[in-house]
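This report looks at helix packing, charged pairs and backbone geometry in one protein chain. Please keep the sequence and the coordinates at hand while reading.

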Amino acid sequence: MASDPVKELADEPVDHRFKGLPPDAQAARLTVGQLAQQRRHIHTGGFTTPVLTLDAAALEHNLAALGTYAARHDLAFAPHGKTCMSPQLFRRQLEHGAWGITAAVPHQARVYRAFGIQRIFLANELVDPAALRWVADELAADPGFRFVCYVDSVRGVQLMDRALQGHTARIDVVVELGAGEGARTGARTDDDCRAVADAVAATGTLRLVGMGGYEAEVPDADPARVHAYLRRLTALAVEFDKAGRFDPALEEIVVSAGGSAWFDAVADVFAELPELSRPVLKLLRSGAYVSHDHGWYTRLTPFNRHPEEGGLRPAFRLWTQVVSRPSPTQAFVNAGKRDIAYDLGLPEAELVRDALTGEERPATGVRVVKLSDQHAWLETDSEDDVQVGDWVALGMSHPCTIFEKWPLIPLVEADGTVTDYVRTFF
């Protein structure tokens, strides 16, 4: 029987690599799977603070919500794996209908392949010779492996072609259309895109299979500007198809866009695509949805504009503990920049759990005002808001920088029971 590297994650020992896990589990030489089988309680089962948790029900809700949304709008879905870098969650995304997983850099693609991902969309131009040769070798060794990446410059195409000389496998590429001056990557003009496409056609190592882009980088993004950019993207796909620029052996044409802030605009514009010479793989790449958050994406999600389409739930909660209460208006908890995502705003105090009674209450009157490396500074309205030893749950913004700080994350049921552990590879 073939091994399953995702299931084998349960065989890892519980040890010092994993923050917040019960010290007695290491002393007993438990594996992650054995600890999960014990179904310990997050507050009374020996976990130490700080400890990050994922809400099992919210996670499942989010996985289903985007899977349903993509299917409803006739979109294929390759969620951006850089958000969570978790093979267990990749598998669950695939089980909810994902076409494949998106990557940003070669290391991520290597992690994906180590855990059996068969379709990878790399949303960057790939000009690293060693990485290109690795991709070509993977393609040659596994006929079932599909890999697509961006190209956005003639020089990049030339470098790719040079690195791939002598390799039999051709790499599929899409021309990336930049979102405008001052935006991130991508060819800036339609003529630039045409020149890149011509450069691909001049190689024997690359195949032009479509167009791609990232609408969240549109300067001063609003619905009108985002829709206009996406229509430029699809218009180029139509033009390239009519001109015969796509590889003649293609079975489908790839058109890809979509982050977590404008996937409704992607659905709108991709639905307008006329029939092309071959079927179109309309590929959405949203990633932050998997856990959602308590701030940034809560405000930005397209479901706010279209509540009838569904919604997402924040799944993360960082449990910290009050370790100092030097004044009635000031307290400190034992988590800081090493544990907390803060690039898109300070965390929000959500709950307080009394250290003596175990009772939980809303963190009314408690605010995070500053972070040190290992402390969050709390400001309080009343002396009774928190006491030393109380557990304080923080909600955070930006899933990408939440996941990356935690190599093993307890998956928690509504009653606090830990049923599994989510492994990450950053």
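## Helix α4 and its surroundings

In this predicted model, the buried residues of helix α4 pack against a set of elements made up of α3, β3 (101-103), α5 (106-114), α12 and β18 (418-423). Helix α4 itself spans residues 87-95, and its buried residues are Pro87, Gln88, Leu89, Phe90 and Gln93. After α4 comes Gly97, for which phi is positive, near 105 degrees.

## The pairing of α9 with α10

Helix α9 (residues 223-242) packs with helix α10 (residues 263-271) at an angle of about 40 degrees, and the two axes lie 9 Å apart. That angle makes α9 oblique to α10, since angles under 35 degrees would count as roughly parallel and those from 65 to 115 as roughly perpendicular. The crossing of the two helices, α9 and α10, is right-handed.

On the α9 side the contact involves Val226, His227, Leu230, Arg231, Leu233 and Thr234, which meet Ala265, Val266, Asp268, Val269 and Phe270 of α10. Sorted by class, the residues in this contact of α9 with α10 are seven nonpolar, two polar and two charged.

## Thr234 within α9

Thr234, a residue of helix α9, has a relative accessibility of 9% and therefore counts as buried, the limit for that class being under 20%. When its neighbours within four places in sequence are left aside, Thr234 is in contact with Val255, Val269, Phe270 and Leu273. Two of these partners, Val269 and Phe270, also appear on the α10 side of the contact between α9 and α10. On another scale, the C-alpha atoms of Thr234 and Asp390 are separated by 54 Å, with the two positions 156 residues apart along the chain.

## Salt bridges

The count of salt bridges in the model comes to 26. In one of them, the side chains of Arg72 and Glu309 meet with an N to O distance of 2.4 Å. Arg72 lies in helix α3 (residues 56-72), while Glu309 lies in the loop between α11 (296-300) and β10 (316-327), so this pair ties together parts that are 237 residues apart in sequence. The two partners differ in burial class, because Arg72 is partly exposed at 45% relative accessibility, whereas Glu309 is buried with a relative accessible area of 17%.

Another salt bridge joins Arg338 to Asp373, with the closest N and O atoms 3.7 Å apart. Here both residues come from loops, Arg338 from the one between β11 (330-333) and β12 (348-353) and Asp373 from the one between β14 (366-371) and β15 (376-380), so the pair connects parts that are 35 residues apart in sequence. Asp373 is partly exposed, its relative accessible area being 40%. A further pair is Glu379 with Arg367, whose closest N and O atoms are 3.0 Å apart; Glu379 belongs to strand β15 and Arg367 to strand β14, and they are 12 residues apart. Glu379 counts as partly exposed at 36% relative accessibility, and Arg367 is partly exposed too, with a relative accessible area of 32%. Salt bridges also form a network that links Glu12, Asp15, Arg17 and Arg423.

## Backbone exceptions

Most residues other than glycine have a negative phi, and most peptide bonds are trans. Which bond of the loop between α2 and β1 is cis? The peptide bond that joins Thr49 and Pro50 is cis, with omega about 0 degrees, and Pro50 lies in the loop between α2 (32-37) and β1 (51-55).

Two residues that are not glycine have positive phi values, and both are found in loops. Asp220 has a phi of about 50 degrees and sits in the loop between β7 (206-212) and α9, where it is exposed, with a relative accessible area of 64%. His398 has a phi near 75 degrees and is found in the loop between β16 (391-395) and α12 (399-403). Unlike Asp220, which is exposed, His398 is buried, with a relative accessible area of 14%.

How values were computed:
Residues are numbered from 1 along each chain as its sequence is written. This is a predicted model: local features need pLDDT of at least 70, side-chain atom pairs count only at pLDDT 80 or more; totals for chains, interfaces and linings use all residues. Side-chain values use heavy atoms; hydrogens and water are left out. Axes are lines fitted to C-alpha atoms, for helices over the stretch in contact, and angles run from 0 to 180 degrees between N-to-C directions. Helices (H or I, at least four residues) and strands (E, at least two) are DSSP runs, numbered from the N terminus. Angles under 35 degrees count as roughly parallel, over 145 as roughly antiparallel, 65 to 115 as roughly perpendicular and the rest as oblique. A crossing is left-handed if the near helix is turned anticlockwise from the far one by less than a right angle, and right-handed if clockwise. Contact means heavy atoms within 4.5 Å. Ala, Val, Leu, Ile, Met, Phe, Trp, Tyr, Cys and Pro count as nonpolar, Asp, Glu, Lys and Arg as charged, and the others, Gly among them, as polar. A salt bridge is a side-chain nitrogen of Lys or Arg within 4 Å of a carboxyl oxygen of Asp or Glu. Buried means under 20% relative accessible area, exposed over 50%, partly exposed in between (1.4 Å probe, protein chains only).
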